[in-house]
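Thanks, everyone. I'll keep this quick: one helix, then the cores, then the empty space.

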Amino acid sequence: MKSKMKKTRRAIGFHIVTFVVLAFTTSFCILSRWFLRTFTVDIAEIIFTIKTPLKGAGFIFDSLFSFRLLAQFLAVLVAYILFALACEFIFGNVDARVDIAIKKKNKRLSLEIYKIVKISVVTLLVFCNVFYAVEDWKELKIYEYLNSKKERSTVFEEHYVEPDVSLVMGEGKNIIYIYLESMETSYASKDAGGAQEVNYIPRLTQLAQANVSFTTKAKKGVGGFRPATNSVHTFSALLGTSSGVPFKFPFYVNHLNKFTDGALSSLVTLGDILAQKGYTNEFLCGSDGDFAGRKQFFEQNGGYRVFDYYSAIEEGYIAPDYRVWWGLEDEILYRIAKDEITRLAKTEKSFNFTMLTVDTHFVGGYRCAICKDDYAEPFANIVACADSQVADFVAWIQVQDFYENTVIVISGDHPYMGNEVVGVIPSSERTVYDCFINSAAEVKGSETGRECNTLDMFPTVLAAMGFSIEGERLGLGTNLFSEKKTLSEELGYDELNAELGKYSEFYEKRFY
């Protein structure tokens with residue numbers, strides 16, 4: 001009896017350990033498979049998302065949760081449980097029957113077969129999970145990320161230009177800076193420089209062709225720059241385009257109080273420079289301004305007035321219980337923008353009005369009441385709606401009295417993070433939209449064939465406003481209106497990105 005109980009405990013222990021191992025490897029494998037089917041980012045971007053504060057974004061994780069994912073996980077585990085029960089029924093009861101039914105040598109043979117089958121099946125399942133997980137590691141570039149952290153870069157020591165206000169000379173126009181969430185050039189048709197059979201952004205394409213639009217492509221069309229390392233999320237893109245440096249801070253979710261302790265105040269940004277030039281700075285978004293530390297960043301760097309979802313409630317634009325998507329949709333956001341710009345234009349001070357749209361955000365975007373249903377792909381309709389809304393907004397600006405002394409900059413923040421519409425397009429062919437309207441600067445070199453990235457937008461925006469920049473460089477960015485080569489052109493885009501991903505002692509000491 002004791003021997004039988006001992007064997008039973010061993011069998012139960014084996015299945016418990018096996019179940020835990022299988023559950024872990026299966027969940028990791030299924031999650032990584034799902035992640036690669038859903039996102040178009042690598043491990044560096046995943047880690048950045050974890051490191052940013054997620055207040056105001058809880059719903060996004062609810063929407064990412066997949067019952068199909070849970071069903072796959074449970075199916076594997078239930079299958080193993082059934083397998084274990086079947087094994088115990090077929091082989092595990094041999095002890096109770098074998099003395100009567102068969103000889104002892106057959107009993108030992110049966111038990112050996114039982115062990116071999118159990119171990120073989122478990123080993124095969126775990127091996128398959130590990131094999132697919134390793135393949136996923138390659139696609140997520142985990143090895144490259146880990147290796148980059150072991151290497152040191154001197155790119156900041158060799159190329160960083162302190163963006164002191166003394167380097168920015170002259171007087172500039174007002175600026176209306178429109179960040180379009182996840183707006184990339186691949187939404188355009190192939191004949192316009194995009195990657196689609198149908199042009200989902202025809203009006204943005206027209207604006208790019210009629211105005212200044214810098215592009216990595218050799219032909220004039222819908223323009224676009226390539227994202228820099230650590231600048232592929234909204235906050236990191238806002239940081240990169242306004243300071244000329246990527247996000248490499250060691251902040252985690254519970255440590256973002258360091259923002260208010262001055263950890264980012266060492267950065268000299270577009271807002272800082274314009275504030276010293278006497279500008280009024282304002283940032284408008286339709287979500288919680290605290291998400292990813294945006295409010296702290298803008299208030300600290302340039303003294304921006306931050307108008308967010310909660311401000312819209314306070315100002316009576318929406319009811320206290322109103323909430324869609326991230327807070328409020330772009331249709332309402334543009335209404336607020338018109339009112340705020342009109343108010344700013346009536347003051348005697350120059351102004352910098354910066355806004356960030358949200359309807360085209362991952363996952364899948366938000367379909368508002370004015371979105372049409374022209375395409376089979378739902379997200380394509382949302383992109384087309386965003387195209388129409390921003391073009392109408394620009395048209396409104398252009399008939400206002402203040403327009404003559406105002407430059408409009410339209411820019412995506414980063415490429416779309418999902419697979420809708422862009423799923424089959426290689427990342428190397430995807431660039432972020434940019435357009436400069438009523439620019440005070442003239443292009444001295446070329447708009448096309450420029451190897452440019454997120455960081456180049458910082459000095460380029462200042463130049464578009466009418467400021468001259470000594471040396472044509474600020475941070476790691478280059479003024480694209482000038483003939484000076486960008487760092488991507490000097491070093492190569494891939495090489496520069498690799499350097500930006502490495503540890504930088506200069507960055508650590510200078511910025512945090």
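Start with the outward side of helix α9. Exposed residues Q206 and A210 sit on the face turned away from the helix's buried side. Bear in mind that this is a predicted model.

Now turn α9 over. The helix spans residues 202-210, and its buried residues are L204, T205, L207 and A208. Look down the axis: these buried residues fall within an arc of 160°, so they line one face of the helix. What do the buried residues of α9 pack against? Three strands and a helix: β2 (174-180), β7 (406-412) and β8 (432-437), plus α15 (378-398).

Next, the cores. The largest nonpolar core has 62 residues. Within this core, F156, F436, V461 and L462 touch the most other members. Helix α16, residues 457-465, gives the largest share, with 7 residues. Take V461 as an example. Leaving out residues up to four places away in sequence, V461 touches I175, Y177, L270, V409 and F436. Apart from the largest core lies another one, of 53 residues. Its members include Y200, I336, I408 and V421. As background, nonpolar side chains in soluble globular proteins tend to be buried together.

Last, the empty space. How many cavities of 30 Å³ or more does the structure hold? The count is 1. The largest cavity has about 40 Å³ of space. Its lining is made up of Y179, L238, S242, L270, F298, Y304 and T354. By type, that lining divides into 5 nonpolar residues, 2 polar and no charged. L270 is worth a second look: it lines the largest cavity, and V461 touches L270.

Terms used
Residues numbered from 1 in each chain as written. Predicted model: local features only at pLDDT ≥ 70, side-chain atom pairs only at ≥ 80, totals over all residues. Heavy atoms only, no water. Buried < 20%, exposed > 50% of the residue type's maximum accessible area, 1.4 Å probe, protein only. Helix = DSSP H or I, 4+ residues; strand = E, 2+ residues; numbered from the N terminus. Arc of directions from axis to C-beta. Contact = heavy atoms within 4.5 Å. Core = buried A, V, L, I, M, F, W, Y, C linked by side-chain atoms within 4.5 Å. 1 Å grid on protein atoms, 1.4 Å probe; cavity = no way out; pocket = protein on both sides within 12 Å on 5 of 7 lines; lining within 4 Å. Points joined across faces, edges and corners; volume = space filled by probe spheres on them. Nonpolar A, V, L, I, M, F, W, Y, C, P; charged D, E, K, R; others polar.
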